[in-house]
Amino acid sequence: MQRRFSRAALLAVSPLLVAAPLLTCPAQATPAEGSGVAWEIVEGLTTEIGPRLAGSPQEGQARAWAEVRLNALGFQNVKVEPFKTLAWTRGEEHAKLTAPYAQPLAIAALGMSTPTPAKGLQAELVYFPTLDALRAVPDGSLKGKVAFVDHAMRPAQDGSGYGPYGDVRRRGPSIASQKGAAAIVIRSAGTDNHRNPHTGVTVFAKGVTGIPAGAVSNPDADLIARIAGRGKPMKIDLTLLGKPFPDAPSGNVIADLPGRDPSLPKIVLACHLDSWDLATGAIDDASGCGIVTAAALAAQKEGKTLRTIRVLWAGNEEMGVTGGGSKAYAEMHGDEPHAVAMESDFGADKVWQFRLTLAESNQAMAERIKAALWPMGIVYHEGAATGGADVSGIIAKQELAVVDLGQDGMHYFDLHHTPDDTLDKVDPAALQQNVDAWTAVLKVIANEPGAIARVPGSKGEG
Ligand SMILES: [Zn+2]
């Protein structure tokens, strides 16, 4: 986040700096220039493709871009694997409070929102401080009204606030529909105070009718909370014209760096190629694709690893809850032996912790992973490594071993799914630290000669 100081403020705190020629302009940080494979992928994808919403022509262009890039980097068996998916397209969107005070609102529709009438929806806005408060009202009681759901998401180093508070976005619209609401507006699932709404997908439960659903920026949610506190009825004029788009074209891109023994189960490293449409998807998830791809190459820099390393640049992660790239990969490659799955989809800040889901029989390998990461100041955390959305399908199907490298999440949800998810937010040094950590892990697991398993007796190799 850049912070600009006015010249007057600087002069006030430091009279000695009055004559300094550098102060003739307000201070402005220049984004750092990076280099290397990871940076080139993030820079290239965000510059030459940009926003790449799942199912859109831009996501298709990103697949073609990925195919060319992965071949040029020396990967083998580079393939685009198309699939059809439920996607969503954004439409015109705006909102304002009309009572008790006229106030414009910064809003973005959530993925899978159904459209309001073209001329907008004018209705009473009912304030709920939490998702539980919305759950507590009787079914049907919000007929003809718009629900507003507030929450208190705060930054956390491991990003764990996204679980409970992300549910306001994921489940809130479905619950509001069950209560009879004509539409729902939520406080963004985000931790910044920019006037940027955070988009993201919502999921209407089976049998529940879709309703228009949008998120307002945190400052706008603060405003609504203050007005609600004054106790006068609120009215909203809401226009959200985005709508679901069934059978949209999407696809995965896969590419291999063959190992010395191709008969051994492979290591799969995933990221996702699609992004939300409000920005260029630099941290979510061009960075992930840059990190896993650069690390795969770095692990083979001094010669082939024993096992094949595959990268999976998945299609439709963002809206793939009912069947995106993860499901398609598991269907197409579920019969090929895999050993370990890993995923990078939490931005580009430094890796600070790791988790392992490995069988007791792989204790020696686990110790080698720890020994490789400790010198980098990366700490071991108990608890299961779960991979992520893009590898969840294959992990479930084959009960795979998993290694999670956890990035610092203190700023991730300032940018996540907003117009601020752009290249200048990626710190090239932190991006490279990710690559180095992934490379260190890969050198251990991709050279492991013994069977790798999740738990003894699982369908994995063990
Ligand atoms: Zn993501």
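Me: Which protein atoms are the donors of the zinc ion, and at what distances do they lie?
Reply: This is a predicted model. The donors of the zinc ion are NE2 of His272 and OD atoms of Asp284 and Asp345, with Asp345 listed twice. Along the chain they follow the spacing H-x11-D-x60-D. Their distances from the zinc ion are 1.9 to 2.6 Å.

Me: What geometry does the site of the zinc ion have, given its four donor atoms?
Reply: Four donors count as tetrahedral if all angles lie between 85 and 135 degrees. Here the angles among the four donor atoms run from 54 to 147 degrees. The site of the zinc ion is therefore classed, by the rule for four donors, as irregular.

Me: How many residues apart in sequence are the parts tied together by His272 and Asp345?
Reply: His272 lies in strand β11 (residues 266-272), while Asp345 lies in the loop between β13 (338-343) and β14 (351-357). Both residues are buried. The pair therefore ties together parts whose separation in sequence is 73 residues.

Me: Which residue follows Asp284 through a cis peptide bond, and in which helix is that residue found?
Reply: Asp284 is one of the donors of the zinc ion. A cis peptide bond, with omega about 10 degrees, joins Asp284 to Asp285. Asp285 is found in helix α8.

Me: Where does Pro100 lie, and what is the peptide bond from Ala99 to it?
Reply: The peptide bond from Ala99 to Pro100 has omega near 0 degrees and is cis. Pro100 lies in the loop between β2 (93-99) and β3 (103-105).

Me: Which helix gives the most residues to the largest nonpolar core?
Reply: The largest nonpolar core has 68 residues, of which Leu269, Trp313 and Ile369 touch the most other members. At least three of its residues come from each of domain 1 (7-87 + 245-445) and domain 2 (91-241). The element that gives the most, with 10 residues, is helix α8 (residues 282-299).

Me: Which residues does Trp313 touch, leaving out those up to four places away in sequence?
Reply: Trp313 belongs to the largest nonpolar core. Its contacts include Asn252 and Thr293. The others on the list are Ile41, Trp65, Ala66, Leu70, Val253, Cys271, Leu273 and Cys289.

Me: How many residues are in the other core?
Reply: Another core lies apart from the largest one. Among its members are Leu105, Ala109, Phe148 and Ala183. Its count is 30 residues.

Me: What area is buried between domain 1 and domain 2?
Reply: The protein chain is divided into these two domains, and their centres, taken over C-alpha atoms, are separated by 31 Å. In contact are 21 residues of domain 1 and 23 residues of domain 2. Carbon and sulfur atoms give 64% of the buried area, which is about 1,700 Å².

Me: Is Asn77 buried, exposed or partly exposed?
Reply: Asn77 is in strand β1 (residues 76-89). Although it is not a glycine, Asn77 has a positive phi of about 50 degrees. The relative accessibility of Asn77 is 46%, so this residue counts as partly exposed.

Me: Is Met112 buried or exposed?
Reply: Met112 is found in the loop between β4 (107-109) and β5 (121-128). Phi of Met112 is near 85 degrees, a positive value in a residue other than glycine. Buried means under 20% relative accessible area. At 9% relative accessibility, Met112 therefore counts as buried.

Conventions. Residues are numbered from 1 along each chain as its sequence is written. This is a predicted model: local features need pLDDT of at least 70, side-chain atom pairs count only at pLDDT 80 or more; totals for chains, interfaces and linings use all residues. Side-chain values use heavy atoms; hydrogens and water are left out. A nonpolar core is a set of buried Ala, Val, Leu, Ile, Met, Phe, Trp, Tyr and Cys residues joined through side-chain atoms within 4.5 Å. Buried means under 20% relative accessible area, exposed over 50%, partly exposed in between (1.4 Å probe, protein chains only). Helices (H or I, at least four residues) and strands (E, at least two) are DSSP runs, numbered from the N terminus. Domain bounds come from an automatic or database domain assignment. Contact means heavy atoms within 4.5 Å. Donors are N, O and S atoms within 2.8 Å of the metal (3.2 Å for Na, K and Ca); water is not among the atoms, so sites may look incomplete. Four donors count as tetrahedral if all angles lie between 85 and 135 degrees; four count as square planar and six as octahedral if opposite donors are over 155 degrees apart and all others between 65 and 115; anything else is irregular. Buried area is the accessible area (1.4 Å probe) that two parts lose on being put together, summed over both.
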